[in-house]
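Here are a few exercises to work through with the viewer open. Try each task before reading its solution.

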Amino acid sequence: MTDKIKCALLGNRQAQNELATEGISLPCPFCGAEMQTEKGYGNVTFFRCQDRRCGACISFGGVKKVMPRITEAARPLRNFNRRTAKPVEPMQAQLIAKDAEVERLTRERDAAVDDIEKVLHEECGPCGVCEQNKNPYAECKADGTGVSCCIKNAKWRGV
């Protein structure tokens with residue numbers, strides 16, 4: 001489940017609207033299974049749960065006339081995605097938001113470390129491990145410390 005879907009399920013309207021714009025529906029509000037969008041009688045949009053035990057089928061009335069005496073919502077997917085969050089303890093909501101932030105920051109940090117290691121590797125030349133494995137840079141961390149030889153050399157040189 002993506003961070004955007006998690007935020008939408010927690011009641012974040014912006015995430016809900018972005019998912020609707022991308023054509024992505026949230027999981028079933030009753031069982032959490034995947035929903036399929038279908039066109040039914042009169043070209044009305046229905047959201048059908050893929051879990052046979054649940055079988056929820058949801059549609060929205062509204063102002064858009066699709067046939068005589070049949071209307072649907074102007075933006076059915078946006079309506080389907082717009083729901084309030086299940087009651088969550090404030091502390092639990094904060095933890096979920098913090099987890100998403102930690103994941104994002106970890107990805108950014110890892111990308112920055114990779115960029116730095118590539119630059120340092122180019123400066124110090126291939127190490128013995130890299131030359132031995134015929135794989136520049138990728139095997140730098142082979143000594144088990146999790147720190148590339150290039151960063152070790154940079155620290156040693158005072159960079």
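**Exercise 1.** Which exposed residues sit on the face of α2 turned away from its buried side?

*Solution.* Keep in mind that this is a predicted model. Start with the cut-off: exposed means over 50% relative accessible area. On the face of α2 turned away from its buried side, the exposed residues are Q14 and T21.

**Exercise 2.** Now flip the helix over: which residues of α2 are buried, and why do they line one face?

*Solution.* Step one: α2 covers residues 13-21, and A15, Q16, L19 and A20 are buried there. Step two: looking down the axis of α2, the buried residues stay within an arc of 135°, so one face of the helix is lined by them. Step three is the textbook part: an α-helix has 3.6 residues a turn, so residues three or four places apart point the same way.

**Exercise 3.** What covers the buried residues of α2?

*Solution.* Look for heavy atoms within 4.5 Å. The cover includes α1 (3-9) and α3 (76-81).

**Exercise 4.** Check both ends of α2. What happens at the start, and what just after?

*Solution.* At the start, N12 puts a side-chain oxygen within 3.0 Å of the backbone nitrogen of Q14. Just after α2 comes G23, with a positive phi of about 80°.

**Exercise 5.** Zoom out: how many helices and strands does the chain have, and in what order do the elements run?

*Solution.* Count six helices and five strands. Reading from the N terminus, the order is α-α-β-β-β-β-β-α-α-α-α. For burial over the whole chain, 26% of the 159 residues are buried.

Definitions and conventions:
Residues numbered from 1 in each chain as written. Predicted model: local features only at pLDDT ≥ 70, side-chain atom pairs only at ≥ 80, totals over all residues. Heavy atoms only, no water. Helix = DSSP H or I, 4+ residues; strand = E, 2+ residues; numbered from the N terminus. Buried < 20%, exposed > 50% of the residue type's maximum accessible area, 1.4 Å probe, protein only. Arc of directions from axis to C-beta. Polar contact = N/O pair within 3.5 Å; in protein donor to acceptor, adjacent residues only side chain to side chain.
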